[in-house]
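Here's a quick briefing to read with the model open beside you. Take it one topic at a time, and find each residue as you go.

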Amino acid sequence: MPMTADDILAHPALERCVRSQAQSLLSIQGTSPRIASLFATQQRWLMAHAALALYFRNEADNPGAGLLAERFLELAERHDLASRNTASAFLTEMLKYEMVRFVASSEGRRHWPFEPAPAVLMALFHWHALHLATLDGLDGGARVAAFHARPALLGAIQPLIADGLIGSGAVRKPPKTFELFTWIDEGGLVMDRLIVGCEQGVVGCERIATDVTSISALARHLNVSRTHLGRKFSEAEAFGSLGWSGARGRSPLWVSAGFRREYHAAQAVKLAIIDAAFESSILAGSA
């Protein structure tokens, strides 16, 4: 049976496993920043999952069909992921940077469908494998091995994950500090970096020291606006979610136990959705 979010959140190995996961996500950003930009904000992350789900479902029904822009725009509006203009601008950007491309065999059609570029599909496969590895780390399962043995499962799993993410109130409306960062460029990676930098093995402390000492250095490393990031850090500081152990900007940053708990809870919700999708796909494939 797939693990629930509560199961995952209560697991004693969660901190270790999500730290490793966060480090891997940061590595993806370092090697493929353009592809990582697909998921730079909560809104882009959800739009990308929605578009990919449409693509995989179309491919299952009609290989080579691709995805029509109009269908994606309708979906974004219907699920309140973004305005039509914002969704259209997102798609235009993805075409500009060749994250998606027009289906070559569709020339001459009235509406020219598009498809994800091979590099995006490869990155998507790694993203799924990474999260399945986190789940395996929690319960000793063999999801990653099964996924690598049947890579075509990607097309069955991803739409179910997209459904779960888009339909989850916990994903769409996260706690205040987590939400503060998810709607800024690279906000998820900012939180990943803070979690990776947290002192390990800390129990019962309200403030957990990190190895981050400079907002400017963090902004440069993640290629985000120093001004915008500093503003968000100030808001989080006002919440009591993070702060400086000494002189502001010249001492290690700490994060609150509550903020780290928000991060762990958000990961638990996401991982539970992925686990349920994987289980459903495996059972459907063996039926």
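**Starting from one residue**

Glutamine 42 is buried, since its relative accessible area is 6%, under the 20% cut-off for that label. You'll find glutamine 42 in helix α4. Leaving out residues up to four places away in sequence, glutamine 42 touches Val171, Arg172, Pro174, Thr182 and Trp183. Keep in mind that this is a predicted model.

**The whole chain**

- The protein chain has 15 helices and five strands.
- Line it up along its principal axes, and the C-alpha atoms of the protein chain fill a box of roughly 65 × 40 × 30 Å.
- A compact globule of 287 residues would have a radius of gyration near 19 Å, and the 20 Å of the protein chain agrees with that.
- Of the 287 residues in the protein chain, 49% are buried.
- Take the contacts between residues at least 6 apart in sequence: 67% of them join residues at least 24 apart.
- The accessible surface of the protein chain is about 13500 Å², and carbon and sulfur atoms account for 54% of that.

**Helix α6, a helix with a buried side**

- Helix α6 covers residues 84-96, which makes 13 residues. From first C-alpha to last, α6 reaches 18 Å, close to the 18 Å expected at 1.5 Å a residue.
- Which residues of α6 are buried? They are Ala87, Phe90, Leu91 and Met94.
- These buried residues sit on the same side of α6, because they cover an arc of only 95° around the axis.
- Here's the background: an α-helix has 3.6 residues a turn, so residues three or four places apart point the same way.
- What do the buried residues of α6 pack against? Their partners are α4 (42-61), α5 (69-78), β1 (100-102) and β2 (114-116).
- Now turn to the face of α6 that points away from its buried side: that face carries the exposed residues Asn85 and Lys96.
- For a sense of distance, the C-alpha atoms of alanine 87 and serine 24 are separated by 28 Å, with their positions 63 residues apart along the chain. Serine 24 itself belongs to helix α2 (residues 14-31), and counts as partly exposed because its relative accessibility is 28%.

**Two more helices**

- Helix α9 (residues 154-167) has 14 residues, which should span 20 Å at 1.5 Å a residue; its end C-alpha atoms are indeed 20 Å apart.
- The buried residues of α9 include Leu154, Ile157, Ile161 and Leu165. Gln158 and Pro159 are buried in α9 too.
- Helix α12 (residues 187-196) is mostly covered, with nine of its ten residues buried. Among them are Gly187, Met191, Asp192 and Arg193.

**Cysteines without a bond**

- How many disulfides are there? The count is zero.
- Cysteine 17 is in no disulfide, and the nearest cysteine sulfur, in cysteine 198, is 16 Å away. Cysteine 17 counts as buried because its relative accessibility is 6%.
- Why does cysteine 198 have no bond to cysteine 205? The sulfur of cysteine 205 is the closest cysteine sulfur to that of cysteine 198, but at 11 Å it is too far for a bond; a disulfide needs the two sulfur atoms within 2.5 Å.
- Cysteine 198 is buried as well, with a relative accessible area of 4%.

**A buried strand residue**

- Isoleucine 208 is part of strand β3 (residues 207-209), and its 1% relative accessibility makes it buried.
- Residues up to four places away in sequence aside, isoleucine 208 touches several others, including Cys198, Val202, Leu253, Trp254 and Arg260.
- Phenylalanine 259 is 51 residues from isoleucine 208 in sequence, yet their C-alpha atoms are 10.0 Å apart in space.

**Positive phi angles**

- Most residues other than glycine have a negative phi.
- Glutamate 98, just after α6, takes a positive phi of about 60°.
- Glutamate 186 also has a positive phi, near 60°. Glutamate 186 sits in the loop between α11 (176-182) and α12, and counts as buried at 10% relative accessibility.
- Asparagine 223 is not a glycine either, but has a positive phi of about 60°. Its place is the loop between α13 (215-222) and α14 (226-239).
- Is asparagine 223 buried or exposed? Asparagine 223 counts as exposed, because its relative accessibility is 69%.

Key:
Residues numbered from 1 in each chain as written. Predicted model: local features only at pLDDT ≥ 70, side-chain atom pairs only at ≥ 80, totals over all residues. Heavy atoms only, no water. Helix = DSSP H or I, 4+ residues; strand = E, 2+ residues; numbered from the N terminus. Expected span 1.5 Å × (residues − 1). Buried < 20%, exposed > 50% of the residue type's maximum accessible area, 1.4 Å probe, protein only. Arc of directions from axis to C-beta. Contact = heavy atoms within 4.5 Å. Rg over C-alpha atoms; globule rule 2.2 N^0.38 Å. Areas by Shrake-Rupley, 256 points an atom, 1.4 Å probe, with all protein chains shown as cover.
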